[in-house]
Amino acid sequence: MALLSDELVAKALKVNSAEELLALAKENDIDLSVEEAESSFEMIRQSRGE
């Protein structure tokens, strides 16, 4: 996996759902499965203390 820009990481940390994360990935030509989006979003939620 390629390194993500700081700007893209900041955007990813602000998403409100796995679906939004998946859409952000698609907009940036990043191959992300639904399962990966769900897992990644759960990590994002945990990092925010949710």
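Reader: Hi! Which residues does F41 touch, not counting those up to four places away in sequence?

Author: Hello! This is a predicted model, and in it F41 touches V15, N16, S17, A18, L21 and R48, with residues up to four places away in sequence left out.

Reader: Thanks. Which residues make up the largest nonpolar core?

Author: F41 is one of its 12 residues. The full set is L8, A12, V15, A18, L21, L22, L24, A25, L32, A37, F41 and I44.

Reader: Which helices supply at least two residues of this core each?

Author: Helix 1 (6–12), helix 2 and helix 3 each do that. The largest share comes from helix 2, with 5 residues.

Reader: Let's pick one of those core residues, A18. Where does A18 lie?

Author: A18 lies in helix 2, a helix that covers residues 18–27.

Reader: And is A18 buried or exposed?

Author: A18 counts as buried, because its relative accessibility is 10% and the cut-off for buried is under 20%.

Reader: Nice. What is A18 in contact with, leaving aside its neighbours within four places in sequence?

Author: The contacts of A18 are A37, E38 and F41. F41 also appears with A18 in its own list of touching residues. As for backbone positions, the C-alpha atoms of A18 and V34 are separated by 7.7 Å, and these two residues are 16 apart along the chain.

Reader: What about E20 and A23, where are they placed and how do they count for accessibility?

Author: E20 has its place in helix 2, and at 37% relative accessibility it counts as partly exposed. A23 is in helix 2 too, and at 34% relative accessibility it counts as partly exposed.

Reader: How far is the C-alpha atom of E20 from that of A37?

Author: The separation for E20 and A37 is 8.9 Å, with their positions 17 residues apart along the chain. For A23 and A37 the C-alpha separation is 9.5 Å, and they are 14 residues apart along the chain.

Reader: Changing topic: which residue has a positive phi although it is not a glycine?

Author: That is D29, with a phi of about 55 degrees. D29 is found in the loop between helix 2 (18–27) and helix 3 (34–47).

Reader: Is D29 buried or exposed?

Author: D29 is exposed, because its relative accessible area is 75% and the cut-off for exposed is over 50%.

Reader: Now the overall fold. How many helices and strands does the protein chain have?

Author: The protein chain comes to 3 helices and 0 strands, and along the sequence the pattern reads α-α-α. Its radius of gyration is 10 Å, close to the 10 Å that the globule rule gives for 50 residues, so the chain is as compact as a globular protein of that length.

Reader: What does the C-alpha trace span along its principal axes?

Author: About 30 × 25 × 15 Å. Buried residues make up 26% of the 50 residues.

Reader: And what share of the contacts with a separation of 6 or more comes from residues 24 or more positions apart?

Author: Those residues account for 33% of such contacts.

Reader: Last topic, the surface and the charges. How many positive and negative side chains are there?

Author: The protein chain has 5 positive and 12 negative side chains, and the centres of the two sets lie 6 Å apart. On the surface side, the chain exposes about 3900 Å², with 52% of it supplied by carbon and sulfur atoms.

Notes:
Residues numbered from 1 in each chain as written. Predicted model: local features only at pLDDT ≥ 70, side-chain atom pairs only at ≥ 80, totals over all residues. Heavy atoms only, no water. Helix = DSSP H or I, 4+ residues; strand = E, 2+ residues; numbered from the N terminus. Rg over C-alpha atoms; globule rule 2.2 N^0.38 Å. Buried < 20%, exposed > 50% of the residue type's maximum accessible area, 1.4 Å probe, protein only. Contact = heavy atoms within 4.5 Å. Areas by Shrake-Rupley, 256 points an atom, 1.4 Å probe, with all protein chains shown as cover. Lys, Arg positive; Asp, Glu negative; His and termini not counted. Charge placed at Lys NZ, Arg CZ, Asp CG, Glu CD. Core = buried A, V, L, I, M, F, W, Y, C linked by side-chain atoms within 4.5 Å.
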